[in-house]
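This briefing concerns the structure shown below. Its topics are ring contacts, backbone geometry, cysteines, nonpolar cores and the packing of one helix.

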Amino acid sequence: MPANVSTSASTLEPRKGSPSRRLDEHEFKRRFLNQFHDPAYGKLQEELAKLASAAWEAYADSRKSPKTRKAGPGFADPDYDLAEDWLAARDAIRDAQKRHEDPNGPTRLLLVNGSTRSEHTCPGEISKSYRMVDIAREVLEQQRHVTVEILDLSRLASEYGRQIHPCKACFSTAAALCHWPCSCYPNYSLGQIHDWMNEIYPMWVEAHGIMIITPVHWYQAPSSLKLMIDRLVCADGGNPDPTSTHGKHAGQAKRLEMDGWPYPRHLEGRLFSAVVHGDTEGAEDVRRNLSDWLKSMDLIPAGPLAEVDRYIGYWEPYATSHATYERDQAMQEEVRNAARTLYEAATAKRQGRQIAAGAGLRQPRQK
């Protein structure tokens, strides 16, 4: 800890002052019942009123995690009540880590479609990103002893109950307050449920290589991809023991950080590839941003050919962009080469043939 950093009680006191967002009973029930707007619920008004009253009770009591059990051995406070949802997510991550470390298992590769477009809702057309994911999958499935999993983030816009809730920036209060996996959700009292991240974390953990294929939205990554990126903050320095902070006790987390936080890198050593395409601007910047983000979490670039930024139909009509992509055979081959490079790098690393100079050195500065 730097000598000039104060650890007095006032220095570590959490700052407050933003306005409360608590709802009164009338407004809460209005919002709750609005999800039953369809006339199909017309005959269920009495039952819905009872549901609204029960939901108001949970909200008024701030029952974030109504189902808990004692943490048990292996935690800083074995008697602390941990959410069953969090414990299940933790177990899934542990199982995924075992698959990742199994020397006899296949090379596991995760393909991430960062586009929100699909034909299953508006706009009624598949994304070019997904088509690139598909040709990468075809290439990788031809390899020996490999499994390929697709994480299609377009499901956020086309599938019922599929959500990624926003990051609450616990890490910015104290590193130890950001739990691994994230303990912010589900929050039943606020209706913040169906959070996809507890299924996504194990996908990243078990993977030996990750390939992200995405378009550019207004010079930046699409909102669906950015939601996942933000929620992966807990994979880089996140606290695997929520009992050490007794849930979200900010003061305790600040003290833990100042006592010396080990900053565990939960995804370090995995290989990555990034393919970004645009139509007018931003492809280079988004590709660099993705690469910088992944490297900051100690993931390893698979190689120069694994990172691609290209324009498809530069300043051409959107209506013909798929036809333009179909004609761009060079772009398609670059995607295939990125996939091949990722596979080769991940396989070489597992066999101990890849040398990453400086990999054994510890960085003098952590976040």
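The charged end of Arg22 sits over the ring of Tyr59, at 4.1 Å from the ring centre. This placement is read from a predicted model, as is every other value in this briefing. Tyr59 itself is buried, with a relative accessible area of 4%, and it also belongs to a cluster of rings linked by ring pairs.

**Aromatic pairs and charges over rings**

- The structure holds 12 aromatic pairs. One of them is formed by Phe28 and Tyr59, whose rings are stacked at 4.6 Å centre to centre with 25° between the planes.
- Phe28 lies in helix 2 (residues 25–34) and Tyr59 in helix 3 (residues 45–60), so this pair ties together parts that are 31 residues apart in sequence.
- Phe28 counts as buried at 11% relative accessibility, and Tyr59 is buried at 4%.
- The cluster built from ring pairs links Phe28, Phe32, Phe36, Tyr41, Trp56 and Tyr59. Tyr59 is thus a point where the cluster and the charged end of Arg22 come together.
- A charge also lies over a ring at Tyr185: Lys168 is placed over its face, at 4.8 Å from the ring centre.

**Cis peptide bonds and positive phi values**

- Most residues other than glycine have a negative phi, and most peptide bonds are trans. The items below depart from one or the other of these patterns, as their values show.
- Trp180 and Pro181 are joined by a cis peptide bond, with omega at about -5°. Pro181 lies in the loop between helix 6 (155–158) and helix 7 (197–206).
- The peptide bond from Tyr185 to Pro186 is likewise cis, with omega near -5°, and Pro186 lies in the loop between helix 6 and helix 7. Tyr185 is also the residue whose ring face lies under Lys168.
- Ala169 has a positive phi of about 60° although it is not a glycine. Ala169 is located in the loop between helix 6 and helix 7 and is partly exposed, with a relative accessible area of 38%.
- Asp298 is not a glycine either, yet its phi is positive, at about 70°. Asp298 is found in the loop between helix 10 (283–296) and strand 7 (300–301), and it is partly exposed at 24% relative accessible area.

**Cysteines**

- How many disulfides does the count come to? The count comes to 0 disulfides, where a disulfide requires cysteine sulfur atoms within 2.5 Å.
- Cys167 is in no disulfide, since the nearest cysteine sulfur, that of Cys178, is 6.4 Å away and the cut-off is 2.5 Å. Cys167 is partly exposed, with a relative accessible area of 32%.
- Cys170 is in no disulfide either; the nearest cysteine sulfur belongs to Cys184 and is 3.6 Å away. Cys170 is buried, with a relative accessible area of 13%.

**Nonpolar cores**

- The largest nonpolar core has 51 residues, and those with the most contacts inside it are Leu151, Trp204 and Met228.
- Two or more residues of this core come from each of helix 4 (84–101), strand 3 (107–113), helix 7, strand 5 (209–215), helix 8 (223–231), helix 9 (250–260), strand 6 (271–278) and helix 10. Helix 7 gives the largest share, 6 residues.
- Leaving aside its neighbours within four places in sequence, Met228 is in contact with Val112, Leu151, Leu153, Ile164, Met197, Ile200 and Trp204. Leu151 and Trp204, which appear among these contacts, share with Met228 the standing of having the most contacts in the core.
- Another core lies apart from this one; it has 26 residues, among them Ala136, Val146, Ala338 and Ala339.

**Two sides of helix 9**

- Ala250, Ala253, Lys254 and Met258 are buried in helix 9. They cover an arc of only 135° around the axis, which puts them on the same side of helix 9.
- Asp259 and Gly260 are exposed on the other side of helix 9.
- The buried residues of helix 9 pack against helix 1 (9–12).

Key:
Residues numbered from 1 in each chain as written. Predicted model: local features only at pLDDT ≥ 70, side-chain atom pairs only at ≥ 80, totals over all residues. Heavy atoms only, no water. Phe/Tyr/Trp six-rings, centres within 6.5 Å; stacked < 30°, edge-to-face > 60°. Helix = DSSP H or I, 4+ residues; strand = E, 2+ residues; numbered from the N terminus. Buried < 20%, exposed > 50% of the residue type's maximum accessible area, 1.4 Å probe, protein only. Lys NZ or Arg CZ within 6 Å of the ring centre and 35° of its normal. Core = buried A, V, L, I, M, F, W, Y, C linked by side-chain atoms within 4.5 Å. Contact = heavy atoms within 4.5 Å. Arc of directions from axis to C-beta.
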